[in-house]
Amino acid sequence: MSVMVARKKVVRKWEKLPGRNTFCCDGRIMMARQKGIFYLTLFLILGTCALFFAFECRYLAVQLSPAIPVFAAVLFLFAMATLLRTSFSDPGVIPRALPDEAAFIEMEIEATNGTVPQGQRPPPRIKNFQINNQIVKLKYCYTCKIFRPPRASHCSICDNCVERFDHHCPWVGNCVGKRNYRYFYLFILSLSLLTIYIFTFNIVYIALKSLKIGFLNTLKETPGTYPSMSLTVLTVLEVLICFFTLWSVVGLTGFHTFLVALNQTTNEDIKGSWTGKNRVQNPYSHGNIVKNCCEVLCGPLPPSVLDRRGILQQEESTAQEGSCPRGPGTQEPPATQGPGQAQEGHSVLSPQVPAPSVSNTEMPEEKQRTPGELPVPSPDAGRAEH
């Protein structure tokens, strides 16, 4: 027989979260869906450092100092750690409003603005908020159904509102916001130092080899593991990668150092929120470079308000085929029953209902008959047959 069994399937909240993000390791890792350029970043860093450690470091450690590969390894590990921390963490995503919260906000807006005549454009949904004697406007997000906090913005790529939104960086495969900006800054800073370090010692390596055997002989030198490719060709390849990376990464580091000193975000700088025509003073700046840097890079890191690993339980009913367990004293009913055995056996699913015994004396007068009399069919029965 079939038995209905109710099972509870555990579903994590990250599986039902809106937005265009991907999650790994049961919601512990959070990234954007567009991760192609992030893989290119890993390839360039790992490939360049692998060539440097495999060829130039061995020669430089013997000729100059064994501290050269050690310092390079420290920079490499620090850059990779900050890169992964930036890419795999929550940048500060703000949860969307629940249906009840969204309905309450809509009622609040209608009560404030009143009914708008048909054909007229409704007024902008803005709230004024005061920070350090400066009026800051809180804008309404039609996607998340919330009034965004100060300095928050909606990322069109990840489709989420991010607190203290700086920008969306495809090179790290994630948004850069309040919870991972310091790691992003440390990543580009350490990557700039690593690029300068490798670029400098590649030039030193070529110069030392050229002084010993000459520049042309250096170009012809080949390592034993790669007989078809010159060792210096690999070095020149590293120099080219570092040269073109140097300008972009070092320039980006200088730009963000300027923003950190002013306690400003990239989004605010592009929009000209505190500069340009408005000439509005930045209410978040302390007026001191050291204080601004300490707040951005050394301040307390807020916890994530996005409950990614919360549990949602969903019940599922499944039918299982099997026989019911019986006790030791329970007798199994016979498999088949004849017409005369209907009163002896009964169904397993329904209780036995005894059939009432009707005696001959209890029958009506027209139905009573003597023991030897044959039953006479009624006229109604004959009509039913025809």
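This report walks through the strands, rings and unusual backbone angles of one predicted model.

## Ground rules

The model is predicted, so local features need pLDDT of at least 70, side-chain atom pairs count only at pLDDT 80 or more, and totals for chains, interfaces and linings use all residues. Residues are numbered from 1 along each chain as its sequence is written, and side-chain values use heavy atoms, with hydrogens and water left out.

Helices (H or I, at least four residues) and strands (E, at least two) are DSSP runs, numbered from the N terminus. Two strands pair if DSSP finds at least two bridges between them.

## Two open sheets

Strands of a sheet pair through backbone hydrogen bonds, either parallel or antiparallel. One open sheet here has three strands in the order 5-6-7, with antiparallel pairing. Its edges are strand 5 (126–131) and strand 7 (146–147), and each pairs on one side only. Strand 5 meets strand 6 (residues 134–141) over six bridges, in the antiparallel sense. Gln130 stands opposite Ile135 of strand 6.

Another open sheet of three strands runs in the order 4-9-8, again with antiparallel pairing. Strand 4 (93–94) and strand 8 (153–155) are the edges, each pairing on one side only. Strand 4 and strand 9 (residues 160–162) share two bridges in the antiparallel sense. Val93 has Val162 in strand 9 as its bridge partner.

## A hairpin with covered faces

Strand 2 (residues 21–24) and strand 3 pair in the antiparallel sense over four bridges. Cys24 is matched with Ile29 in strand 3. Four residues lie between the strands of this hairpin, and Cys25 takes a positive phi near 55° there.

In a regular strand the side chains alternate between the two faces of the sheet. What covers strand 3 (residues 29–32): one face or both? Both faces are covered. Ile29 and Met31 are buried on one side, Met30 and Ala32 on the other. Buried means under 20% relative accessible area, exposed over 50%, and partly exposed in between (1.4 Å probe, protein chains only).

## Rings and charges

A search of the whole structure finds 13 aromatic pairs. Rings of Phe, Tyr and Trp (its six-membered ring) pair if their centres lie within 6.5 Å; planes under 30 degrees apart count as stacked, over 60 as edge-to-face and the rest as tilted. Phe38 and Tyr39 have ring centres 5.7 Å apart and planes at 50°, so this pair is tilted. Phe38 is buried at 2% relative accessibility, whereas Tyr39 is partly exposed at 48%.

Tyr197 and Phe201 are also tilted, because their planes stand at 50°, with centres 4.7 Å apart. These residues are four apart in helix 4 (residues 181–213), so about one helical turn separates them. Both are buried. Phe199, Phe243, Phe244 and Trp247 form one aromatic cluster.

Two arginines sit over rings. Arg151 lies over the face of Tyr284, at 4.1 Å from the ring centre. Arg164 lies over the face of Tyr181, at 5.4 Å. The cut-offs for a charge over a ring are NZ of Lys or CZ of Arg within 6 Å of the ring centre and within 35 degrees of the ring normal.

## Positive phi in two loops

Most residues other than glycine have a negative phi. Asp159 is not a glycine, yet its phi is positive, about 60°. Asp159 lies in the loop between strand 8 and strand 9. Its relative accessible area is 18%, so Asp159 is buried.

Asn263 has a positive phi near 55°. This residue lies in the loop between helix 6 (231–262) and helix 7 (266–271). Asn263 counts as buried because its relative accessibility is 1%.
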